[in-house]
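User: I'd like to learn how to read a protein model step by step. Could you walk me through one?

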Amino acid sequence: MGRFSPFVLVFLLFVASSSYEAKVVEVNVICKETQNPSFCSSLLNSRPCGTGADLVSLAQYTIDVVRSNVTNSITLIKSLIAQSANDSKASAHYKLCLEFFSSDACALGSVEDTEKRLKEGDYQGVNLGASAVWTSVDSCISGDAPSPSEPPYPDHSLLPKYASVIEQVVQIILSISILLLHN
């Protein structure tokens, strides 16, 4: 059995710890890249663990927030489907939105994929997954018109507001993923 000198052990510990060093960035650096820095700052500073967290922890937190928002939106959409039974256009719109939000290939599935990519350290995958969430939500709100000449459904429910919050949280995830890629 070989013996290691204390200097070799210290060196090995230093190398091992430096390779796992957390990437910490100020909240304002993350938020200045979003369309609504005030919303971003409020959300990130409201973390139960406080401020000054590393980027991976902040990404996980925002993924948890967006998952909760998507899940709440699905609940709202199911309620809107039930309420719109006598309005075929509204019903069709909300049923399509339910697919955009709840199917494995759309918003909720993309949130799960984003989290998986984060855990794997695949920050490009985090970016792509978050972008897919955004696309799914946007497709529900503005991109589901049956033909290019027909405008999107004029939705006066709370769904567009819910979608806006999801899109703002996704912007934060995108900003964090870019920082993770470049650090």
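User: Let's start with the secondary structure. How many helices and strands does the protein chain have?

Analyst: Happy to help! A good habit is to list the elements before looking at any side chain. This is a predicted model, and its protein chain has eight helices and zero strands. Read from the N terminus, the order is α-α-α-α-α-α-α-α.

User: What is the mean pLDDT of the protein chain?

Analyst: For a predicted model, confidence is the next thing to look at. The mean pLDDT here is 86, with 83% of residues at 70 or more. Over residues 1-20, pLDDT stays under 50, and the model gives that stretch one contact beyond four places in sequence.

User: What share of the protein chain is buried?

Analyst: Buried residues account for 41% of the 183 residues. Contacts add another view: among those with a separation of 6 or more, 71% join residues 24 or more positions apart. On the outside, the chain exposes about 10400 Å², and carbon and sulfur atoms supply 58% of that area.

User: Now the interior. Which residues touch the most other members of the largest nonpolar core?

Analyst: They are I30, F101 and L159, in a core of 48 residues. Elements giving two or more residues to this core are α2 (27-31), α3 (37-45), α4, α5, α6, α7 and α8. Helix α4 supplies the largest share, 13 residues.

User: Which residues does I30 touch, leaving out those up to four places away in sequence?

Analyst: I30 touches V25, C40, L44, L55, L58, I172, S175, I176 and L179.

User: Could we take one helix in detail? What does α7 reach from its first C-alpha to its last?

Analyst: To read a helix, set its end-to-end reach beside the expected value. Helix α7 covers residues 123-141, 19 in number, and reaches 27 Å, close to the 27 Å expected at 1.5 Å a residue.

User: Which elements do the buried residues of α7 pack against?

Analyst: Those residues pack against α4 (55-83), α5 (88-102), α6 (107-120) and α8 (159-182). The buried set in α7 includes Y123, G125, N127, V133, S136 and C140.

User: S136 is in that helix. Why does S136 count as buried?

Analyst: Here the number decides, rather than the residue type. S136 counts as buried because its relative accessibility is 7%, and the cut-off for buried is under 20%. Leaving out residues up to four places away in sequence, S136 touches F100, C106 and A107.

Note on methods
Residues are numbered from 1 along each chain as its sequence is written. This is a predicted model: local features need pLDDT of at least 70, side-chain atom pairs count only at pLDDT 80 or more; totals for chains, interfaces and linings use all residues. Side-chain values use heavy atoms; hydrogens and water are left out. Helices (H or I, at least four residues) and strands (E, at least two) are DSSP runs, numbered from the N terminus. The expected span of a helix is 1.5 Å times one less than its number of residues. Buried means under 20% relative accessible area, exposed over 50%, partly exposed in between (1.4 Å probe, protein chains only). Contact means heavy atoms within 4.5 Å. A nonpolar core is a set of buried Ala, Val, Leu, Ile, Met, Phe, Trp, Tyr and Cys residues joined through side-chain atoms within 4.5 Å. Accessible areas come from the Shrake-Rupley method with a 1.4 Å probe; for residues, only the protein chains shown count as cover. pLDDT is the predictor's confidence in each residue, from 0 to 100.
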